[in-house]
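Biologist: Could you take me through one part of this model up close, the surface that faces the DNA, and then put it in the context of the rest? I'd like it as one connected walk-through.

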Number of protein chains: 2
Amino acid sequence: MPKKRINDPEGMRRRVLDVAEGSFQARGYHASSLGDLMAAAGVTGGALHHHFPTKKALALAVIEERVAAAVQATWIDPVLAAPSAREGVRAVFEAVAAELEQQGYVRGCPLNNLAHELSLADDEFRVALARIFAGWRQAIADKMRADQMDGGSTDPDRFAALAIAAYSGAMSMAKTSQDAGVLRECLRGLEGLQPSPPPVGTIGKRRRRVLRRREVR
Amino acid sequence: MPKKRINDPEGMRRRVLDVAEGSFQARGYHASSLGDLMAAAGVTGGALHHHFPTKKALALAVIEERVAAAVQATWIDPVLAAPSAREGVRAVFEAVAAELEQQGYVRGCPLNNLAHELSLADDEFRVALARIFAGWRQAIADKMRADQMDGGSTDPDRFAALAIAAYSGAMSMAKTSQDAGVLRECLRGLEGLQPSPPPVGTIGKRRRRVLRRREVR
DNA sequence: CATAAAACAGACCGGTTGTCCTGTTTTGTC
DNA sequence: GACAAAACAGGACAACCGGTCTGTTTTATG
C-alpha cells in the first residue's frame with residue numbers, strides 16, 4: 001500500500017521561507033546552501049524548485065515578505081502606536097535591547113544583515129532592500145509630522161534618518177561584540193537631542209504640560 | 001635559458017592583501033573566491049598558500065592589518081587632529097560624504113561590511129572585528145574627555161557610541177540606496193544634540209557668534 | 001470519470017571551491 | 001660552495017553547490 005501524500009503548497013512554501021529567513025539571518029545568504037535549507041525544512045529539491053526556481057528568487061521572497069514584515073512589526077507598528085515618534089523610537093530601542101539581553105545572543109538586524117551582503121551583489125536585491133529602508137524612514141518621519149507637539153524644532157526626515165542609522169549601527173556593534181549594551185548607550189545619546197528638558201519619568205506627559213503652563217503664567 | 005625569478009615575499013604578500021581587501025569590500029568574503037584573488041593578484045596557488053595557509057588566515061590578516069588601518073586613517077587620526085571631538089566627527093562625516101559623492105558609488109564601511117558577514121560565522125573573526133570597534137569608540141571618547149571645553153554636558157562614551165553607530169548605520173543606508181545624502185542628514189541630526197542652539201548655516205560659525213552677541217546686548 | 005495542471009519526489013550533472021601535495025627555484029648562512 | 005630553509009610553481013582532488021531533468025502523485029475542473 002503506497003503511503004498517502006497531502007499537497008500543502010502554502011504550508012510548504014511557508015516552511016521554506018521560515019527556514020530560509022532564519023538561516024539567512026544566522027549564516028547569511030552565501031553561507032546558506034540550498035541543501036541545508038532543504039534538509040532543515042524537510043523539503044525535496046523538486047518541491048523547492050517548484051516554489052522558488054532559483055536561490056535568488058527565494059532570497060527575494062524572504063526580503064519582500066519576511067524582512068519587510070519584521071521591520072513593520074518591530075519598528076513601524078510600535079512607533080505608530082506610540083504617543084509620539086520620539087517615544088516610539090525610545091520604546092523600540094528598549095524593547096529590542098531587553099529582548100536581546102534576555103535571549104543572550106545577538107544576531108543583528110535582518111534588514112541590515114542582508115543589505116550589507118546583497119546590496120552590491122545584485123541590483124534587484126538592492127532595490128528591494130532600499131524600498132524597505134525608505135518605508136521605515138518615511139513611517140517615522142510621517143509619525144513625527146503628525147505629532148502636533150514638538151514644534152518643528154527638529155526636522156522629521158533628519159530625525160528619522162538618525163534614529164534608523166543609530167539603531168542599525170548599534171545593532172552592528174552589538175552583533176560584533178555580542179553585547180546589547182551599546183543599544184542603550186546610543187539611546188541615551190539620542191535622548192540628549194530632545195529640545196525639552198530631560199524627562200523625569202515616562203508617564204505624566206499630560207501632567208507635565210499642565211505644570212509648564214502654570215509655570216509660564 | 002630559464003627565465004629568472006626574483007623572490008619578493010613582502011611585495012607578494014602586500015599584493016595579495018591589496019586584492020583581497022578590495023574584493024572583500026566589493027563582493028564580500030564568501031563571494032570572493034581564492035581563484036579570482038589569485039588571478040587578480042597574479043599569484044599562483046603555491047605562493048598564496050605559502051603566505052596564507054587558509055582563506056580564513058587571509059581574511060584575518062585583512063581585518064587586522066587593512067581594516068584596522070582604514071579605520072585609523074579615515075576616523076581616528078582626523079578626529080585626534082581636530083580641535084574637538086565634535087568637530088572631528090563632523091569633519092569625517094563631511095569628508096566621507098564628499099568623497100562618496102565624488103566617486104559616484106558607495107561600497108560601504110569596510111569594518112561594518114565584514115562585521116556583518118563574519119561576526120556570527122567565526123568567533124576569531126568576531127573578536128578581531130570587535131577589537132577594532134572598541135578602539136574606534138575609545139579614541140573618540142578619549143578625545144572628548146581631553147577637550148576641556150564642552151563642559152561635561154554629554155557623556156563621552158555615549159557620544160562616541162552614537163557617533164559610530166550613526167555613521168555605520170548611515171553608511172549601511174547609503175550603500176543600499178547608493179546615495180551618500182543620508183550621511184549628511186544624519187550629521188545634521190547629530191548636530192542637533194549640541195549644547196549650543198541650532199545652527200542656521202554651515203559656514204560662519206564665528207561670525208554668527210559675533211552677531212548673536214550683538215543681538216543679545 | 002476524464003484530463004490537464006499543479007505539486008512533489010529524487011536522481012543527476014557541470015562547474016566551482018578551498019585545500020593539499022609534489023616539485024623546483026631562490027635565498028640566507030656557515 | 002654546501003646545504004637547509006624559505007619562496008614559489010602548478011597540478012590534483014574530493015567535496016559541494018546550484019540548477020536541471022524526468023517521473024510520479026495529488027488536486028482542480030468540467
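Modeller: Here's the DNA-facing surface to begin with, then the fold behind it, one helix pair and one odd backbone spot. Keep in mind that this is a predicted model.

Let's start at DNA strand C. There are 26 residues around this strand, and the ones that come nearest are A:Gly45, A:Gly46, B:Ser33, B:Thr54 and B:Lys55. On the chain A side, helix H1 (9–27) and helix H3 (45–51) each give two or more residues to the surface, while chain B does so through helix H2 (34–41), helix H3 (45–51) and helix H4 (55–81). The biggest giver is H3(A), with five residues. As for chemistry, the surface near DNA strand C splits into 13 polar, eight nonpolar and five charged residues.

Now step back to chain A as a whole. You'll find ten helices and zero strands there, so to speak a plain run of α-α-α-α-α-α-α-α-α-α along the sequence. Of the 217 residues in chain A, 40% are buried. If you take the contacts in chain A between residues at least 6 apart in sequence, 65% of them join residues at least 24 apart.

For a look at how two of those helices meet, zoom in on helix H6 (residues 110–118) and helix H7 (residues 123–146) of chain A. Their axes are 10 Å apart and the packing angle is about 150 degrees. Roughly antiparallel starts over 145 degrees, and H6(A) and H7(A) therefore count as roughly antiparallel to each other. The crossing of H6(A) past H7(A) is left-handed. From H6(A), the residues involved are A:Leu111, A:Leu114, A:Ala115 and A:Leu118, and they meet A:Phe125, A:Leu129 and A:Ile132 of H7(A). That contact comes out as seven nonpolar residues, with no polar and no charged ones.

One last stop, for the backbone-minded. A:Gln178 has a phi near 55 degrees, a positive value in a residue other than glycine. You'll find A:Gln178 in the loop between helix H8 (156–177) and helix H9 (181–191) of chain A. Is A:Gln178 buried or partly exposed? Buried would take 20 or more other C-beta atoms within 10 Å; A:Gln178 has 17, so this residue is partly exposed. Over in chain B, B:Gln178 also isn't a glycine, and its phi is positive at about 55 degrees. B:Gln178 sits in the loop between helix H8 (156–177) and helix H9 (181–191) of chain B, and with 17 C-beta neighbours inside 10 Å, B:Gln178 counts as partly exposed.

Conventions:
Residues are numbered from 1 along each chain as its sequence is written. Chains are lettered from A and ligands numbered from 1 in the order in which they are written. This is a predicted model: local features need pLDDT of at least 70, side-chain atom pairs count only at pLDDT 80 or more; totals for chains, interfaces and linings use all residues. Helices (H or I, at least four residues) and strands (E, at least two) are DSSP runs, numbered from the N terminus. A residue is buried if 20 or more other C-beta atoms lie within 10 Å of its own, exposed if 12 or fewer, and partly exposed in between; C-beta atoms are placed from the backbone. Two residues are in contact if their C-beta atoms, placed from the backbone, lie within 7 Å. Axes are lines fitted to C-alpha atoms, for helices over the stretch in contact, and angles run from 0 to 180 degrees between N-to-C directions. Angles under 35 degrees count as roughly parallel, over 145 as roughly antiparallel, 65 to 115 as roughly perpendicular and the rest as oblique. A crossing is left-handed if the near helix is turned anticlockwise from the far one by less than a right angle, and right-handed if clockwise. Ala, Val, Leu, Ile, Met, Phe, Trp, Tyr, Cys and Pro count as nonpolar, Asp, Glu, Lys and Arg as charged, and the others, Gly among them, as polar. A residue is near a molecule or strand if its C-beta atom, placed from the backbone, lies within 6 Å of it.
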